[in-house]
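Reader: Could you walk me through one part of this model in detail? I'd like to start with a loop residue that has an odd backbone angle, and then see what else is around.

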Amino acid sequence: MAGDLRHRRAAGDASGEEERAAKTGTSSGGGGDGVEEAAERGSGGRKEALGWLEWSRGWLATVGEFFFQRIAASHLANPLELPPLDGVSIIVTGATSGIGLEIARQLAQAGAHVVMAVRRPKTAHELIQKWQNEKSECSMPLNVEVMELDLISLDSVVKFADAWNARMAPLHVLINNAGIFTIGEPQRFSKDGYEEHMHVNHLAPALLAMLLLPSLIRGSPSRIINVNSVMHTIGFVDAEDMNLTSGKHKYKSWLGYSNSKLAQVKFSSIFHRRIPAEAGVHIVCSSPGIVHTNVVKPRYVFTYLLLCI
Ligand SMILES: NC(=O)c1ccc[n+]([C@@H]2O[C@H](COP(=O)([O-])OP(=O)(O)OC[C@H]3O[C@@H](n4cnc5c(N)ncnc54)[C@H](OP(=O)(O)O)[C@@H]3O)[C@@H](O)[C@H]2O)c1
């Protein structure tokens, strides 16, 4: 019950911040700034939707990433060589597939203590076995463990954070990677009452970050890395309609997804400002580009987005 109260307060704080930010115009459209925004808000009015300029800029960025990311990233080493990470503790959510799996594998192979925070522990254990088998026989065993975390349940988030914090151990990096994009599917809500994209991609990771703050401070200088998306640029967070149920904004899966990613960017910015600099906890949101994974099958997504424009 204590956990229940704690997560309610934490989630409440977050949406309160967003609401305040939205009212001052800082938590709204993806482009989110400039003359156009001021004009749309008019004399103290709330912004109701993305302006056409922000909307066009956002879609250009999204489509541009689709076509030009290979060129833009061609100077980067692949794979990127990591320094030795012995003694560094890193939690990676959604480490059983796609980007999270690759992050967890590479960090573990660089010597980090990796915690795979996943909803399918059995799969995670099988992966660890596979990675271990791939290592040469004389090398040290990987320092990887599995902890159960189902982000669609706020109780699961609280349970996870309580279990980790009870160790009184430092946490150096939290990678909020897990996410969903239920392309073309109807709107769904979590048991906690939130639209699923908003819940899994923003609210649960935000709660996790807040609850793990004591461990992150213990591990300072430490970092929260949110795996975000260029699609946040076409999102619009209406603090009075976070669930997209009022009828003001018609639900579409891409809107649910991009709104949740924008909410994460806005929240991260507010959260970062709230943490005293001396605590040494930094927050970044990163866009991985377009990667062929379970969540994104590029051809399918591109066709879907084009049909939606
Ligand atoms: N792929 C892209 O082009 C792209 C572009 C921009 C941003 N992103 C972001 O990158 C992140 C990783 O996505 P991905 O592309 O690697 O897709 P993915 O292969 O589908 O991986 C998503 C991961 O999230 C986990 N997950 C989903 N719902 C969960 C829940 N309720 N509780 C715990 N874990 C949950 C999944 O678990 P299971 O393995 O159990 O299904 C999976 O491990 C997401 O945040 C996504 O929005 C991806």
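Author: Met168 counts as exposed because it has 9 C-beta neighbours inside 10 Å; the cut-offs are 12 or fewer other C-beta atoms within 10 Å for exposed, 20 or more for buried, and partly exposed in between, with C-beta atoms placed from the backbone. Its phi is positive, about 55°, although Met168 is not a glycine. You'll find Met168 in the loop between helix 6 (154-165) and strand 4 (173-176). Helices here are DSSP runs of H or I with at least four residues, strands are runs of E with at least two, and both are numbered from the N terminus.

Before you lean on any of this: it's a predicted model, where local features need pLDDT of at least 70 and side-chain atom pairs count only at pLDDT 80 or more, while totals for chains, interfaces and linings use all residues. Residues are numbered from 1 along each chain as its sequence is written.

Leu244 also has a positive phi of about 55° without being a glycine. Leu244 sits in the loop between strand 5 and helix 9, and it counts as partly exposed because it has 19 C-beta neighbours inside 10 Å.

While we're on backbone oddities, there are cis peptide bonds to look at too. One runs from Asn78 to Pro79, with omega near 0°, and Pro79 belongs to the loop between helix 3 (52-72) and strand 1 (89-93). Another joins Ser220 and Pro221, with omega about 5°; Pro221 is in the loop between helix 8 (213-218) and strand 5.

Now step into strand 5 (residues 222-227), which holds Ile224. Ile224 is buried because 27 other C-beta atoms lie within 10 Å. Setting aside neighbours within four places in sequence, Ile224 is in contact with Leu174, Asn176, Ala209, Leu216, Val281 and Ile283 (contact puts the two C-beta atoms, placed from the backbone, within 7 Å). The C-alpha atoms of Ile224 and Cys285 are 8.4 Å apart, with their positions 61 residues apart along the chain.

Ala209 takes us on to a helix pair, being one of the helix 7 residues in the contact with helix 9. Helix 7 (residues 196-211) and helix 9 (residues 253-274) pack at about 20°, with axes 7 Å apart; axes are lines fitted to C-alpha atoms, for helices over the stretch in contact, and angles run from 0 to 180 degrees between N-to-C directions. The two helices are therefore roughly parallel (under 35 degrees; over 145 is roughly antiparallel, 65 to 115 roughly perpendicular, the rest oblique). On the helix 7 side the contact includes His197, Met198 and Asn201, and on the helix 9 side it includes Tyr257, Phe267 and Phe271. By class, that contact has eight nonpolar, seven polar and one charged residues (Ala, Val, Leu, Ile, Met, Phe, Trp, Tyr, Cys and Pro are nonpolar, Asp, Glu, Lys and Arg charged, and the others, Gly among them, polar).

You'll probably want the ligand as well. It is surrounded by 28 residues, the closest being Gly94, Gly98, Gly179, Thr293 and Val295; surrounding means a C-beta atom, placed from the backbone, within 6 Å of the molecule. Helix 4 (residues 98-109) gives the most to this shell, with three residues. The shell has 14 nonpolar, eleven polar and three charged residues.

Zooming out, the chain has ten helices and six strands, and buried residues make up 41% of its 309 residues.
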